[in-house]
Structure formats: structure tokens, C-alpha cells
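Me: I am new to reading protein structures, and I would like to understand the reasoning behind the words used for them. Could we go through this one step by step?

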Amino acid sequence: MAPYDTPLASRRSFLAGAGGLVIAVALPLAGRAQSGAAAVLGGKAAETVYAPNAFIRIGTDNLVTVLIKHIEFGQGPFTGLATLVADELDADWSQIRAEHAPANAALYGNAAFGGMQGTGGSTAIAASFMVMRQAGAAARAMLVAAAAKAWGVPASGITVSKGVISHPASGRSGKFGEFAEAASALTPPENPILKTPDKFVYIGKSIPKLDTGMKSTGEAIFTLDVYREGMQTVVVEHPSKFGAIVASFDDAATRAVPGVVDVKKISDGVAVYARNSYAALKGRKALKVTWGEGGAETRSSDAIAQERMERVKQRGAVAGQQGDVDAALGSAMTTLEAEYVFPYLAHAPMEPLDVVIERSADGGVEVWMGSQIQSGDQPVIASVCGLEPTRVKLNTMLAGGSFGRRAQPTSHIAREAAEIFMAAGGQTPVKLMWTREDDIRGGYYRPLTVHRLRGGLNEAGEIVAWEQVIAGQSFLAGSPFEGMVQNGLDPTMVEGAASIPYHVPNFHCSAHIVNCPVTTLWWRSVGHTHTGYAVETFIDELLEKAGKDPVEGRLALMTDPKDARLAGVLRRVSEIAGGVSAPAGRARGVAAVESFNSFVAQIAEVSMQNGLPRVHKVWCAVDCGVAVNPEVIRAQMEGGIGYGLGAILFNELTLGEGGGVTQSNFHDYRSLRISEMPDVEVDIIASSEPPTGVGEPGVPPIGPAVANAVRRLAGKTPRRLPMIKELQA
Amino acid sequence: MKFTLGVNGEQRTVDVEPDTPLLWVLRDELRLTGTKFGCGVAQCGACTVHLNGMPRRSCVTPVESAAGQQITTIEGLKGPEADALRAAWAKFDTPQCGYCQSGQIMTAAALLAFTPKPADEDIDNALAGNICRCATYVRIRKAVKAAGEALGG
């Protein structure tokens, strides 16, 4: 997801609107075990006596629990946001715990989402940097005030370090827990004083992650691991084609399966309820559903691609322009034209979608799920259950990956869970479980997108014209995010293409929204998954045609001051890789992409083995402002490279003749494996700029970097992805 | 139907359909939830357990074929290899989302039991069946190697 507000501006307005966000918002003592992490990470609610604000609880046991407003699915907010609090609080890292915050947008809204509570667009650190530090600083000031009062000394003489409050002049010292109760009676400061960066003790250091231990022992609790008393497991037979509906079904064989309890039609299929997971799966296998395909997509993905290839022959809604591109192309000495086809992609997080829901004693409902947009999921569940949103207690759980899949503008998985719960009477606890087949065949893909590019060089080898036309689907249309679509343009389709970091005097970028019943969604780094590839391979070819070096040629065109940081990572990656020449039999390709306000450049060293690229090594330079936790940043770059590489090498989600999905599981929707993972070397630019995200920006450059190396080895840029399809065709 | 299994050193009896995959017996019946469901068709390795010391995909292992045998899950994984792996996992802060990591560690523990000081290629071969969608592979490789070295293999 992309932040289309500038985070800083909207953060200010959010803080102003929320009033007491940062201070003096005491949490109710009940209902604190918000996630499975709580049990593992500690933080007993009974011992909590001091909750100075919505983000921090301090117990008499000296444990400091930081409530994390963003879902943790590997990108690191538990550690990152807790680091910000711990630093300003001058806590000892060993006393810090983290757990997910409850669903409450007034307290935990995302400034980059206009105050909605949700995670995406690599915004967690960017939108929390000041807020979490202020929370920590306020808590520290209150603890100091309480200690000053208890000791009868001025607060100015008190110091705090590693969880110990000291008054050197009198030789007194104590721990947080001793003053927690007294501090809770004080009024929080409105403008707590923040540290200057030279005083940071954790920010900028590679603090060990809070969730590593429990993820090495099997103790981490995900949604699938939640078992409630009397709970039934439910699997749903979903439509055979996108847009199909249940016409009729025969459940006789299903009901004969031992353990199957019930079968119900819901709006998006037929639900099988069982006493255990295996009975549910067996029962679903025995189900016979007849689908109404009147409104279904029955075209193949090849036909869908063909339609979009026709559309890009004409310009669409204008995303960016300057100069006169037609005249410049007409008078160019050399022109280059290229068409790219990017397939549908499934996200395939390791944990397929799942939700647990049960009736609460007070008549509301309690829900456990890896909710990525709490402000969407909670009201949808409430609506299906006939409740006010506040009666839905939504527990955000650790999730086994997402890559965008859990951020659903339509809250479809929350809706499905609520429907199966209500369809069976709304009393029995249920666990909705998607299988890998449901995941791969269930839609919400990265949109199939086609690009057409035309470029022109003059006699001096300068790029004088650049035209780009894009055709794809908009998943924002018809969703709560519809307001982002303006003048027929979906910004998630053109981000990274509407303007490019290279100075070209005559430029035109436009796009067509071509929707169809195949459901689509943001996929890690969103539009940049395709615009980064198209722009960075096309510029590389134009520079080659002009006889220019891929690094120096790019740098010479990065003339706008806003592109200085991108130029910086490009220079740095070239330095650490030792340039772009490779040993015999190998080639190196480079790419540089700004996404989500972070800047990443990569160089990939590649050879061809059995007609496919083998990526040996990737060098990566990243500029994400203040590096809150360098090791988490490196890990996100490594992971982004692996995730992006698997997709461009192997992945496409296709519809066959008639519109059925061809793939179903990891055997035909391949994931990158450890034996295919290159070595990765990451360098982080030292910066005092405000921190920006790293969850997504590692992804966009890897595809074009590999493609540019492949072109040097195999003679052409793979333009119809995945590479396995074009290179082995 | 009743089956008795040795699970993490204890005899456990379950009453399930004979074709029930061991994965669902461990999770639904014994509540050993560290063993994960990722694909159901032995493609991803998230459900890896040890059956008589050998790594096994529990999602395609019917309970009737495991009856009377010794099963170790991530919760019961103990000993020098396990300790070395967990220390190395912490050293490199290996997990991201964490969902596949039980399976990664179970497979790695079996590798170290048979190949005490694995080379990168050994690690790649042994763990090629364990998918990590977060692509923590660089750190898994380093951690397994470091664990082998720590064991003095």
C-alpha cells in the first residue's frame, strides 16, 4: 500500500485531531492479552499498575510492555516501535515486551492512512517515529517526577539509564516498578522533551528482535493456533471462476463424513463445519456444487492480456507529461519500442488466511485474526453480526506473512468469517481456515498489467523522448479507498512511472483502468513491482543504445534535486560491488528505484544455467533516513530481494480457457528456495533524514537488475514475465 | 479409532480417523501448534517433524503409519543440535514472520545430526524443501553453518 498523503503533514493533522493520543490515555485493565504474543512475551495484566498512555504499560515487575499499533508479520514493528519507546524511556532492552494494540483507530490510527488503523505502504516506522518517542519520553518524565517526590529531591538532579532511576547527589536509585504506581497518579507532560540524536542508545543500533526467541521454539501463536472451547473448523468451497455464484449444491456425501457437523451456503461459497480440520477438508472434498457462471470471467488470462495490449496502443488518462513527446519521437535519430506483460501474482504468505470468531459473554463477539486494516475489518464483522463496531473485540495476531494479502479494502476474509459464524447460529466458536489451494486460486492478485514504452535518442545519444502507456486493473475502485482514484487514474498503477528520476525533456505517461471480475490487490511494493521493472530495463536499453555506462549514464540524468538520494544509493552500490563488470560467463545488471520514500539500488551478478538466470550475488544500497534498526533493514532488503526474485523468475497466475485458475499449490506456483537464494550484501546510507519504510522498497529493483544482466547474457530483455516462460519458450 | 504415539518422549493416545494426517493430530488433538500447516502436499516443509529421528512431512503422514513410533515436534526438540541452532537463530535474528521457522529448524537439526559441519551446499540441499516466503534464506544458511561450527563438528 502506498502513502499518498505526505506522512509528515498528515501526521501533524492526525495528532491535532486525536487530541490526547500521546498522553494520558489509560487503558482499561480488562482485555489486555491482545495477541498470542502476550502470553509468550510476558506482561501480566494483573501486575500492571501504570499505563501512562495508549502505548506503554509498566508493571511492578519492571516489565515495560509496548503496545504495537501495526501488525507484526516479519517486517519488524514489534522491535522497531518498541525501540523508539525504550530509547526515550531509557529502559533496559531486557525489560521491554511487545504486544499488538487493540483495534481502536482513535488511539492507534495510522497517520499515513488518514487516521485509519492499518499497516501498509511501509509506513510503520515513518508514521510512528515521533509518536512512539513522545510516548516513551512522557513516561520517563512521569517516573522521574514520582521518584523526585518520593525522595524529596528536585527532578532536575535525577538521571535514568538502562531502567534505573538515580539521584547521584543523594546516592538513591530505584527501578521503574517501584515508581509505577506513584507515577500513574501524575498528569503526563504535554510536550515531553525528546532526546537529540547524539543521545540515542538503541536507535541506530541492531537491537535483538523481540520475537526471535518464540519463533525458534514453536511458542509464537498465530491465528491458526487459536483453539477455543467447542470450536468448529470451517473450510469454504469457493467459486470455480471469478464472479461465479452458487447455483445449487449436494451435501449428502459431505454430511456422511465423520466429524462434519453442518453445511451452509454463504455469499461467497459453501461452508463445511466440522469438529476438526481434517474432517472439514474431507467434507469439502465430498461436496458437489453447481456454479452459476453467468457473471463470471470466462476468458483466459492470455485473452485478458490481449485486451490490455490493445489498450496500450492508445494513450490513456494522463499521469505525467512535459514537452512534446510526439515531435521528439518523430525527429529522434534512434527509437526503441517495448511492450511488457506482467502476469497476475498470488502473494502466497506461508500462513493461509484464517480467522477465529466467538460470542462473548456480553453478547458481542471476539475475533482473532492477522488483521492488517483493523479499521475496515472491525466494522465489517460488526455489520454482519448486527452489532456496533465497539462490540467486536478484534485481537490482532502475529501473521505468517502477508506481502499485501491481509490488507483488504473490502475486508473479504473478515466478512466470510462473520458470515460462517452467523450462518451457523452465531453461538458456536468457529475457525475459518483457508488452504493453500484457496490461497492460490482465491484471487486478490497483483493485477495483470501491460506497459508500452517508446523512447527516442538524438544524434548526440541523449534521451529526448519517453512515452509510457499502462493498462491494468484498479482494486481501489469500489473500495473504501476509492477516493484515491482521481481523473480516471489509479495512483497505485502509475507510481514509479508518472515521473521518472531521469531527465528527459519530452515525457508522457498515461494509463487505462481495464477492470474484470478477477479480484486484485496490492502486492509487496504495489505498482513499483511492474513500473520499476519497465522503467529500469527500458532506461538500461536506451543507455546501451547510446553507448553509455549503466551507472554513469543514469547518474548523468538524475539532475533533479529530489533524485539526489537515489543517485546516492546508485553510487554506493556501484562502490560496494566494484562496478558492473563481471567475471567471464557472468554479467551484472543494475537498477535503482525510489518507493515509499525510501531509495534502493541493487546490482545483480548473473549467469545463465539451462536457459534460466542463476543469480549469484546481489549488492544493495538503501537510504531510508535514520536507520532505526540496521539489522532489520538488512533483513528486509534480503527478504525483498528473495521475494521479488522468485516472482520474476517463476511466478504467474494464469486463467485457462474458460476462466478457471491453472495453478493450485506450491508445486505449480513455485516459491524461491534456499538453493536459489543469492548471497546478499547490504549497505545502509548514514542519514539524519526522517526514517522511512523498508518492508517493500527492497523488492522493485531486483527484477530489472536481473533482467539487465540477462540482456547482456542472452541478448534480450525478458519482457513477458515470468522469465522462465520467455527464456525457456 | 485409537492410536498410541510416542510424542516428545511421552506416550499419547488419540481417537481419530486412521487416515488423518499426523499434522492435524498434533495440532487439533494434542495442541502442539508449533508444527504448521502451509500447503498440505509436502511442498513447503512447514509441517516438518522427526519420525524416529528422521525429518518427515507430517501433512502427508497418516496417523496409522506413525502409530507406535517416536515423533519429535519443535516443542520437544532438545539436545546440543537444538541448543546450537536456537543460539544461532538468535545470533542472526533469523525469523521474520516466523511461520516456517519450526520446519526450518526441524530440518536443520536432522541435517546437523548426520552432517555435523555442513557446507553451504549441504545446507542448500537439505533445506531446499523448506519454503520461506519471507526469504530469510541468507540468515538460515549462516545460522545453520554457525550452529555446526559451535557444535565443533
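Reply: Let us begin with a definition: helices and strands are DSSP runs, a helix having at least four residues and a strand at least two, and they are numbered from the N terminus. In this model, which is predicted, the elements of chain B run β-β-α-β-β-α-β-α-α-α-α from the N terminus on, and this comes to six helices and five strands.

Me: What makes chain B as compact as a globular protein of that length?

Reply: The radius of gyration of chain B is 15 Å, and the globule rule gives 15 Å for 153 residues; the value is close to the rule, so chain B is as compact as a globular protein of that length. Along its principal axes, the C-alpha trace of chain B spans about 45 × 30 × 20 Å, and buried residues make up 59% of the 153 residues.

Me: How many helices and strands does chain A have, and why is chain A called as compact as a globular protein of that length?

Reply: Chain A has 20 helices and 25 strands. Its radius of gyration is 27 Å, close to the 27 Å that the globule rule gives for 729 residues, so the same conclusion about a globular protein of that length holds for chain A. The C-alpha atoms of chain A fill a box of roughly 85 × 70 × 45 Å along the principal axes, and 59% of the 729 residues count as buried. Among the contacts in chain A with a separation of 6 or more, 77% are accounted for by residues 24 or more positions apart.

Me: Why is B:Gln11 called exposed?

Reply: B:Gln11 has 9 other C-beta atoms within 10 Å, and a residue is exposed if that count is 12 or fewer, so B:Gln11 is exposed. Its place is in strand 2 (residues 10-15) of chain B, and, leaving aside residues up to four places away in sequence, B:Gln11 touches B:Thr4 and B:Gly6.

Me: Why, then, is A:Gly658 called partly exposed?

Reply: For A:Gly658, 13 other C-beta atoms lie within 10 Å, and since a residue is exposed at 12 or fewer, buried at 20 or more, and partly exposed in between, A:Gly658 is therefore partly exposed. A:Gly658 lies in the loop between helix 18 (630-650) and strand 25 (679-684) of chain A. The C-alpha atoms of A:Gly658 and A:Glu495, which are 163 residues apart along the chain, are separated by 33 Å.

Me: Which residues are buried in helix 5 of chain B, and how do you know that they are on the same side of the helix?

Reply: The buried residues in helix 5 of chain B are B:Ile123, B:Ala126 and B:Leu127. They cover an arc of only 80° around the axis, which puts them on the same side of helix 5 of chain B. What covers these buried residues includes helix 4 (101-114) and helix 6 of chain B.

Me: How do helix 5 and helix 6 of chain B cross, and which residues meet there?

Reply: The axes of helix 5 (residues 120-127) and helix 6 (residues 137-150) of chain B come within 10 Å and cross at roughly 115°, in a right-handed crossing. From helix 5 of chain B, B:Asp120, B:Ile123 and B:Leu127 meet B:Ile140, B:Arg141, B:Val144 and B:Lys145 of helix 6 of chain B. By class, this contact has four nonpolar, no polar and three charged residues.

Me: What can be said about the packing of helix 3 and helix 5 of chain A?

Reply: Helix 3 (residues 77-89) and helix 5 (residues 124-151) of chain A pack at an angle of about 35°, with their axes 7 Å apart, and their crossing is right-handed. The residues of this contact divide into 13 nonpolar, three polar and four charged.

Me: How many residues of chain B are in contact with chain A, and which helix of chain B gives the largest share?

Reply: In chain B, 46 residues are in contact with 47 residues of chain A. On the side of chain B that touches chain A, the largest share, five residues, comes from helix 6 of chain B, and by class the residues of that side divide into 23 nonpolar, 13 polar and ten charged.

Definitions and conventions:
Residues are numbered from 1 along each chain as its sequence is written. Chains are lettered from A and ligands numbered from 1 in the order in which they are written. This is a predicted model: local features need pLDDT of at least 70, side-chain atom pairs count only at pLDDT 80 or more; totals for chains, interfaces and linings use all residues. Axes are lines fitted to C-alpha atoms, for helices over the stretch in contact, and angles run from 0 to 180 degrees between N-to-C directions. A crossing is left-handed if the near helix is turned anticlockwise from the far one by less than a right angle, and right-handed if clockwise. Two residues are in contact if their C-beta atoms, placed from the backbone, lie within 7 Å. Ala, Val, Leu, Ile, Met, Phe, Trp, Tyr, Cys and Pro count as nonpolar, Asp, Glu, Lys and Arg as charged, and the others, Gly among them, as polar. The arc is that of the directions from the helix axis to the C-beta atoms. The radius of gyration is taken over C-alpha atoms; the globule rule is 2.2 Å times the number of residues to the power 0.38.
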